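Hi,

Here is the structure I promised to pass on to you. Have a look at it first, and then read my notes underneath.

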Amino acid sequence: MNGSEKGLFNYREKCYTKEMSNCLFCKIIAGEIPSKKLYEDDEMLAFYDINPMAPVHFLVIPKKHIENLFVLDESDAALVGRLFIKARELAKERGCEEKGGRFVINAKTDGGQTVDHLHIHFLGGRALGWPPG
Ligand code: 5GP
Ligand code: ZN
């Protein structure tokens, strides 16, 4: 995204860049695609994964379209911190504090990222294997 495209970003007034209009998670944020929401505020959304890999599997995403962790700007550091704090809170609410779980960010091709909008997965409710496949 270049500077002028960045200037177009305004999810409240539904002004999207071309990149965002092709993005599945931006469509979920806009309500164009339904999701089972756990939490929403001005800057983030949490919803259950459509294809859960564990008894508890949800995603926490910024409303700002950030493609992946490699293009994260320094100025978004606090936002990403808040995404993790919210993921932890939601995991706790679902009974996953005692035994824990996994907070995961897949990035780009080798990381297995399939949706190019930054997201934290939380997986819990069962023992998870390591190393990943
Ligand atoms: P990634 O592979 O990029 O790390 O994770 C993308 C996740 O988004 C996958 O776990 C996938 O199941 C989930 N996903 C893909 N499409 C949808 C959808 O339309 N709704 C929901 N709730 N999750 C989705
Ligand atoms: Zn997006």
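Let's start with two strands: S1 and S2 pair in the antiparallel sense, with 3 bridges between them. They make a hairpin, and 3 residues sit between the two strands. If you want a pair of residues to click on, try Lys37, which stands opposite Phe47 in S2. Before you go further, keep in mind that this is a predicted model.

Now follow S2 across to its other partner. S2 and S3 also run antiparallel, and 5 bridges join them. One pair to look for here is Tyr48 with its bridge partner Phe58 in S3.

Those strands belong to a bigger picture. What is the order of the strands in the sheet? It goes S1-S2-S3-S5-S4, an open sheet of 5 strands with antiparallel pairing. At the edges you'll find strand S1 (37-40) and strand S4 (101-104), each of which pairs on one side only. On average, neighbouring strands in this sheet are turned by 15° against each other, if you ignore direction. Helix H4 packs on the sheet and touches S1, S2, S3, S4 and S5. The direction of H4 makes about 20° with that of S5.

Zooming out, the protein chain has 5 helices and 5 strands. Reading along the sequence, you get the pattern α-α-α-β-β-β-α-β-α-β. The chain has 133 residues, and 22% of them count as buried. If you take the contacts between residues at least 6 apart in sequence, 55% of those join residues at least 24 apart.

What about the inside? The largest nonpolar core holds 21 residues, and Leu59 and Val60 have the most contacts inside it. Two or more residues of this core come from each of helix H3 (24-30), strand S2 (44-48), strand S3 (56-62), helix H4 (77-93) and strand S5 (120-124). Leu59 is a nice one to colour: leaving out residues up to four places away in sequence, Leu59 touches Ala46, Phe47, Asp49, His119, Ile120 and His121.

There is a ligand too. How many residues surround ligand 1? There are 13, and the closest are Ile50, Asn51, Asn106, Gln113 and Thr114. This shell divides into 6 nonpolar residues, 6 polar ones and 1 charged one.

Finally, a few single residues to look up.

- Asp76: You'll find Asp76 in the loop between S3 and H4. Is Asp76 buried or exposed? Asp76 is partly exposed, because 15 other C-beta atoms lie within 10 Å, and a residue needs 20 or more to count as buried. Ile66 is 10 residues away along the chain, and the C-alpha atoms of Asp76 and Ile66 are separated by 9.4 Å.
- Lys108: This residue is in helix H5 (residues 108-111). Lys108 has a positive phi of about 60°, although it is not a glycine. Lys108 is partly exposed, with 13 other C-beta atoms within 10 Å.
- Pro131: Look in the segment after S5 for Pro131. The peptide bond from Trp130 to Pro131 is cis, with omega near 5°.

Why pick out that phi and that peptide bond? Most residues other than glycine have a negative phi, and most peptide bonds are trans.

Have fun turning it around on your screen!

Key
Residues are numbered from 1 along each chain as its sequence is written. Chains are lettered from A and ligands numbered from 1 in the order in which they are written. This is a predicted model: local features need pLDDT of at least 70, side-chain atom pairs count only at pLDDT 80 or more; totals for chains, interfaces and linings use all residues. A residue is near a molecule or strand if its C-beta atom, placed from the backbone, lies within 6 Å of it. Ala, Val, Leu, Ile, Met, Phe, Trp, Tyr, Cys and Pro count as nonpolar, Asp, Glu, Lys and Arg as charged, and the others, Gly among them, as polar. A nonpolar core is a set of buried Ala, Val, Leu, Ile, Met, Phe, Trp, Tyr and Cys residues joined through C-beta atoms within 7 Å. A residue is buried if 20 or more other C-beta atoms lie within 10 Å of its own, exposed if 12 or fewer, and partly exposed in between; C-beta atoms are placed from the backbone. Helices (H or I, at least four residues) and strands (E, at least two) are DSSP runs, numbered from the N terminus. Two residues are in contact if their C-beta atoms, placed from the backbone, lie within 7 Å. Two strands pair if DSSP finds at least two bridges between them. Axes are lines fitted to C-alpha atoms, for helices over the stretch in contact, and angles run from 0 to 180 degrees between N-to-C directions.
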